[in-house]
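Hi,

Here is the model I said I would pass on. My notes on the pockets and a couple of backbone oddities come after it.

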Amino acid sequence: MRQKMAAGNWKMNGTSAALAELETLIQGQHAATSELLICTPATLLSRAAELAADSPVAIGGQDCHAATSGAHTGDLSSDMLKDAGATAVILGHSERRADHSETSEDVAAKTKSAWSAGLIAIVCLGETLAERESGDTLSVVGNQLAASLPDGATGQNTVIAYEPVWAIGTGKVPSLAQIAEVHDFLRQALTTRFGTEMADATRLLYGGSVKPGNAAEIFATSNVDGALVGGASLKAADFSPIIAALDAS
């Protein structure tokens, strides 16, 4: 049985004052049955991990370098994230792919690095609006999955997050049928490549304008095991109802 996951991506948001929101979230989630994760900016990671110690909330990073160390000014290795208290890391987010020209091959290299440090890799996939409108969604997402995910993926070291680029932060959400189509496709693609046992153990998250008002219906959709939440994860008052909806699904 796959444990559901609610992961929050704070992106480039949050200074020390934001830790109060994390503390509020932690205090309200001691009965949560889903796995909970907040991926903070790197500047908050170690303090967030200390705050969340012995709580239901784990802390993650938002990116890592493929190398374990070296002359990479401004970058962070997976070992550094682990040392700071992270248990997982988001990789291949569309904003990294677009803003930093990351390829799926780059994502695969980072994924291997994350695994080597003992981190769960949350590998992100998603199509642009133009790709959606041209009918290329499944081919785009399928190619990203194939190239971003190295051999050795398991349900324990990997989570897949489907985030249509055109839905991130826009308030636009695909229809439930569109979400189901992609998630069903991803489950089958994992089965074809890795086998039924791995595919059945791997969590598929949906991301893209998930809010308290639409969370329940999204979580009731075929092969949706949780969510990767952006803006709504910044406030405990917004993220907590999403977690509650996931626990109830």
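**Two serines and two pockets**

Ser209 is buried, at 10% relative accessible area (buried means under 20%, exposed over 50%, partly exposed in between, with a 1.4 Å probe and protein chains only). This is a predicted model, where local features need pLDDT of at least 70, side-chain atom pairs count only at 80 or more, and totals for chains, interfaces and linings use all residues. Residues are numbered from 1 along each chain as its sequence is written, and side-chain values use heavy atoms, without hydrogens and water.

Ser209 has a positive phi of about 60 degrees despite not being a glycine, and sits in the loop between β7 (203–206) and α10 (215–219). Helices and strands are DSSP runs numbered from the N terminus (H or I, at least four residues; E, at least two). Ser101 also has a positive phi, about 55 degrees, but is exposed at 56%; its loop joins α4 (94–99) and α5 (104–116).

Now the pockets (open sets on a 1 Å grid over the protein atoms alone where a 1.4 Å probe fits, with protein on both sides within 12 Å along at least five of seven lines; lining residues have an atom within 4 Å of a point). The largest holds about 570 Å³, volume being the space filled by probe spheres set on the points. Of its 22 lining residues, Lys11, Gln62, Asp63, Arg96 and His100 lie nearest the centre, and α4 gives the most, 3 residues. The second largest has about 240 Å³ and 20 lining residues, with Lys11, Gly169, Gly230, Gly231 and Ala232 nearest its centre.

Cheers
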